[in-house]
Amino acid sequence: MSTQTLPEVDTTPDATDSTSDDSPKMFHYVRKAKIAESAVMGTHVVALCGEVFPVTKSAKPGSPVCPDCKKIFESLPPGGGA
């Protein structure tokens with residue numbers, strides 16, 4: 001699996017579904033504007049796939065991405081015009 005650079009859109013991956021060692025099982029795509037707010041205020045974000053969770057971790061290159069979020073993200077028009 002190679003690391004890909006995502007185009008400039010209004011989404012970015014973020015984590016949910018922690019494993020027993022507190023590392024996320026997969027990351028979801030969420031709106032960039034909501035990530036900082038969630039991390040600071042503890043509010044929940046809604047991923048492209050509909051998963052709702054508070055931001056707790058940031059994705060690292062090569063991290064597993066939710067297949068539903070990835071499919072939705074890839075179907076969005078370039079530039080985040082959804």
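1. Helices, as the term is used here, are DSSP runs of at least four residues, numbered from the N terminus. By that definition, Ser 38 belongs to helix H1, which covers residues 32-41. The model under review is a predicted one.

2. As to the overall architecture, the chain contains 2 helices and 4 strands. Their order along the sequence is β-β-α-β-β-α. Of the contacts between residues at least 6 apart in sequence, 41% link residues that are at least 24 apart.

3. Of the 82 residues in the chain, 26% are buried. The exposed surface of the chain amounts to about 5400 Å², and 54% of this area comes from carbon and sulfur atoms.

4. The largest nonpolar core consists of 10 residues, namely Tyr 29, Val 30, Ile 35, Val 45, Ala 47, Phe 53, Val 55, Cys 66, Cys 69 and Phe 73. Two or more residues of this core are contributed by each of strand E2 (24-31) and helix H2 (67-75). In soluble globular proteins, nonpolar side chains tend to be buried together.

5. Ser 38 merits separate attention. Its relative accessible area is 1%, and because the cut-off for a buried residue is under 20%, Ser 38 counts as buried. Leaving aside residues up to four places away in sequence, Ser 38 touches Thr 43, Val 45, Pro 54 and Val 55. Val 45 and Val 55 are also listed in the largest nonpolar core.

6. One of these neighbours also has a polar atom pair with Ser 38: a polar atom of the Ser 38 side chain lies 2.8 Å from the backbone nitrogen of Val 55.

Notes. Residues are numbered from 1 along each chain as its sequence is written. This is a predicted model: local features need pLDDT of at least 70, side-chain atom pairs count only at pLDDT 80 or more; totals for chains, interfaces and linings use all residues. Side-chain values use heavy atoms; hydrogens and water are left out. Buried means under 20% relative accessible area, exposed over 50%, partly exposed in between (1.4 Å probe, protein chains only). Contact means heavy atoms within 4.5 Å. Accessible areas come from the Shrake-Rupley method with a 1.4 Å probe; for residues, only the protein chains shown count as cover. A nonpolar core is a set of buried Ala, Val, Leu, Ile, Met, Phe, Trp, Tyr and Cys residues joined through side-chain atoms within 4.5 Å. A polar contact is a pair of N or O atoms within 3.5 Å; within protein, one must be able to donate a hydrogen and the other to accept it, and residues adjacent in sequence count only if both atoms are side-chain atoms.
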